[in-house]
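User: I'd like to go through this complex and ask, label by label, what each call rests on. Can we start once the structure is up?

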Amino acid sequence: MREPTYFILAALREEPRHGYAIIKRVAELSGERVALATGTLYQALDRLGREGLVEVVRDEVVNGRARRHYALTPDGEDALLAEAARMAEAARVVLRARPA
Amino acid sequence: MTTNRMTGYDLLVRLYPAGHPRDEMLGVLEESGRPWHTEAPSLIVGGLRARTGAGQPVTRRWLYAARAAALMLLTASATAPLPDLRYGTVLLSTLMIATWVCAGLAAAAVVFGARLPAFALATSALVLCATDQSSVPAVAGYTLAAVLLLLPGTPSPVRNPLPILLGLAWSADYLLPGWLQNALLAAVLLWTLIDERVLLAAGLALFAGLITVTDEVAALDSPLSALILAGWRLGAPALLVAIATTLSHHRAKI
């Protein structure tokens with residue numbers, strides 16, 4: 001799983017969010033390291049939607065613009081947890097071997 | 001955010017197909033207010049990928065590449081005698097004209113994603129060509145095109161001019177000025193940044209050369225020539241397919 005995808009799923013795990021809220025939350029969660037461009041976000045949301053990992057849960061109009069809220073699906077939650085476990089295991093290998 | 005910048009974004013999101021949430025994206029661009037140079041590249045790449053269907057799963061990308069390769073081969077085979085026509089050395093026969101008509105209609109059917117009509121027409125072109133012209137490269141091209149069109153799958157229209165231009169360049173070869181050949185090569189490489197399927201199609205189409213290899217081997221006079229021939233006929237298509245496959249798998253990652 002790519003890093004931006006991981007943080008997008010992590011941002012949606014807390015609650016459903018709209019596009020700009022996802023960008024902001026991803027930046028916070030990654031310590032400002034991952035700055036998603038709008039095109040990148042929507043390419044990722046497209047792919048995640050096709051894979052059934054995220055879904056649109058609400059439509060609204062704000063300031064004359066359409067706005068959709070995205071949420072994690074149960075498959076998305078599983079994929080995120082599996083990736084987190086994989087990375088934790090990989091990190092453990094290195095951190096355990098570190099001299100005291 | 002300036003009106004000019006939003007007008008620019010408005011134009012860029014039109015690269016996305018109509019079903020995409022363009023208005024929602026404009027809302028995000030408006031809210032984030034980030035500089036144009038940080039947003040524009042991903043909007044252009046994302047829009048072109050969404051419009052061309054380059055974001056499809058791997059199996060569908062392969063299917064599209066197979067159809068695009070068939071289009072390339074049909075174009076190249078149908079136009080193979082044109083360089084000779086320029087010098088008035090080809091005698092036009094009814095069968096030859098019928099071959100071109102079948103090949104042209106087959107190419108049009110590939111463009112519109114009609115696989116079975118395309119297959120039937122490509123096979124007809126193959127039979128007519130083998131009967132009349134006895135042109136080994138053209139027969140090889142039609143044969144591989146027909147095989148690629150036999151692959152079952154969902155309709156994959158090929159609405160991209162590059163396979164047609166590559167097919168034409170292949171058949172015209174030495175008639176094309178160098179700058180035009182380089183421009184076409186640059187266009188394919190640039191397009192590969194967006195969509196690797198045309199590169200994959202070029203690799204698949206070049207495998208048609210393997211069908212003609214027995215003729216070429218007979219004309220060889222040294223092991224070095226055989227090595228060069230093997231490198232060109234097998235190595236070049238394999239390299240293109242390998243590069244495109246690597247890109248395809250990388251892009252399919254979520």
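What follows is a set of questions about the labels put on this predicted model, each answered from its definition.

User: What makes a feature fit to be reported here, and how are things numbered?
Analyst: This is a predicted model, so local features need pLDDT of at least 70 and side-chain atom pairs count only at pLDDT 80 or more, while totals for chains, interfaces and linings use all residues. Residues are numbered from 1 along each chain as its sequence is written, with chains lettered from A and ligands numbered from 1 in the order in which they are written.

User: How confident is the predictor in chain B and in the complex?
Analyst: Going by pLDDT (the predictor's confidence in each residue, from 0 to 100), chain B has a mean of 86, and 95% of its residues reach 70 or more. Among its elements, helix 11 of chain B has the highest mean, 92, and helix 13 (residues 213-218) of chain B the lowest, 69. Where pLDDT is low, the predicted coordinates should not be read in detail. For the complex, the predictor gives an ipTM of 0.88 and a pTM of 0.84.

User: How many helices and strands does chain A have, and what counts as one?
Analyst: Helices (H or I, at least four residues) and strands (E, at least two) are DSSP runs, numbered from the N terminus. On that basis chain A has four helices and three strands, in the order α-β-α-α-β-β-α from the N terminus on. Its C-alpha trace spans about 60 × 25 × 20 Å along the principal axes.

User: Why is Glu60(A) called exposed?
Analyst: A residue is exposed if 12 or fewer other C-beta atoms lie within 10 Å of its own, buried if 20 or more do, and partly exposed in between, with C-beta atoms placed from the backbone. Glu60(A) has 10 within that 10 Å, so it's exposed. You'll find Glu60(A) in strand 2 (residues 54-62) of chain A. Its C-alpha is 30 Å from that of Gly31(A), 29 residues away along the chain. For chain A as a whole, 30% of the 100 residues count as buried.

User: What makes strands 2 and 3 of chain A a pair?
Analyst: Two strands pair if DSSP finds at least two bridges between them. Strand 2 and strand 3 of chain A have eight, and run antiparallel. Glu55(A) stands opposite Ala71(A), and Asp59(A) opposite Arg68(A). The hairpin has two residues between the strands, and Asn63(A) takes a positive phi near 50 degrees there.

User: How many bridges join strand 1 of chain A to strand 3?
Analyst: Two bridges join strand 1 (residues 17-18) to strand 3 of chain A, again antiparallel, and the cut-off is at least two, so they pair. Tyr70(A) is the bridge partner of Arg17(A).

User: How does the span of helix 3 of chain A compare with the expected one?
Analyst: The expected span is 1.5 Å times one less than the number of residues. Helix 3 of chain A has 13 residues and reaches 18 Å from first C-alpha to last, close to the 18 Å expected. Its buried residues include Leu41(A), Tyr42(A), Leu45(A) and Leu48(A). After the helix comes Gly52(A), with a positive phi near 75 degrees.

User: How do you know which residues join the two chains?
Analyst: Two residues are in contact if their C-beta atoms, placed from the backbone, lie within 7 Å. By that test, 20 residues of chain A are in contact with 21 of chain B. Helix 3 of chain A gives the most to chain A's side, with eight residues. On the chain B side of the story, the buried residues of helix 2 of chain B pack against helix 2 (19-29), helix 3 (38-50) and strand 3 (65-72) of chain A, together with helix 1 (3-13) and helix 3 (36-52) of chain B. Met25(B), Val28(B) and Leu29(B) are among those buried residues.

User: What makes something a nonpolar core?
Analyst: A set of buried Ala, Val, Leu, Ile, Met, Phe, Trp, Tyr and Cys residues joined through C-beta atoms within 7 Å. The largest has 56 residues, and Ala69(B), Leu74(B), Ala106(B) and Ala122(B) have the most contacts inside it. Helix 4 of chain B gives the most to this core, with 14 residues. Apart from it lies another core, of 30 residues, among them Phe7(A), Ile23(A), Leu36(A) and Leu12(B).
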